[in-house]
Amino acid sequence: MDGTLKPVLKRQILLIGASLGTGLVVSYFFGFLVGLAANIAVLVGIMFYMRRRQLRAMRSFGFGDETAGGYSGGRVKLKYVCLACGQEVKGAKCGSCGSNMKKPLF
Ligand SMILES: [Zn+2]
């Protein structure tokens with residue numbers, strides 16, 4: 001490290017290094033496969049963490065969660081049916097029985 005790295009990048013490298021170290025220690029004590037699984041789990045966790053940070057950054061540029069996730073609530077129109085009485089539900093509650101339980105129809 002020559003100190004020219006950005007703090008964020010440095011922290012990410014540190015996180016990945018720590019996860020690799022954890023994987024090595026775990027595989028030393030519990031065997032290779034368990035260590036590998038633990039390592040993958042930690043890496044996936046870090047990837048989710050970074051993705052969430054990216055989403056937050058994107059939101060500050062004006063993109064919502066829906067656009068970032070590739071899902072647009074405006075284009076896909078879902079119909080809901082009441083779980084209690086089977087009637088089509090428009091809005092938050094069932095119009096005929098007032099139940100909150102509903103399931104989407106595709
Ligand atoms: Zn109902």
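**View 1. Three helices and three strands make up the secondary structure of this predicted protein model.** Walk along the sequence and the elements come in the pattern α-α-α-β-β-β. Burial is sparse here: buried residues account for 4% of the 106 residues in the protein. As for long-range contacts, take those with a separation of 6 or more: 14% of them link residues 24 or more positions apart.

**View 2. The three strands sit in an open sheet with the order β2-β1-β3 and antiparallel pairing.** The edges belong to β2 (88–89) and β3 (102–105), each of which pairs on one side only. As a reminder, strands of a sheet pair through backbone hydrogen bonds, in either a parallel or an antiparallel sense.

**View 3. Here we zoom in on the β1–β2 hairpin, which has five residues between its strands.** Strand β1 covers residues 79–82, and its antiparallel pairing with β2 runs over two bridges. If you want a residue to look for, pick Y80: its bridge partner in β2 is V89. In the turn, check out G86, which has a positive phi of about 85 degrees.

**View 4. On to the pairing of β1 with β3, where the two strands run antiparallel.** Four bridges join this pair. One handy landmark is V81, whose bridge partner in β3 is K103.

**View 5. This one is about confidence: the mean pLDDT of the protein is 77.** Of its residues, 77% reach 70 or more. Which elements mark the lowest and the highest mean pLDDT? Helix α3 (residues 65–69) is at the bottom with 47, while β2 is at the top with 90. Over residues 65–74 the pLDDT stays below 50, and this stretch has seven contacts in the model beyond near neighbours in sequence. Where pLDDT is low, the predicted coordinates should not be read in detail.

Technical notes: Residues numbered from 1 in each chain as written. Predicted model: local features only at pLDDT ≥ 70, side-chain atom pairs only at ≥ 80, totals over all residues. Pairing = 2+ DSSP bridges. pLDDT = per-residue confidence, 0-100. Contact = placed C-beta atoms within 7 Å. Buried ≥ 20, exposed ≤ 12 C-beta atoms within 10 Å, placed from the backbone.
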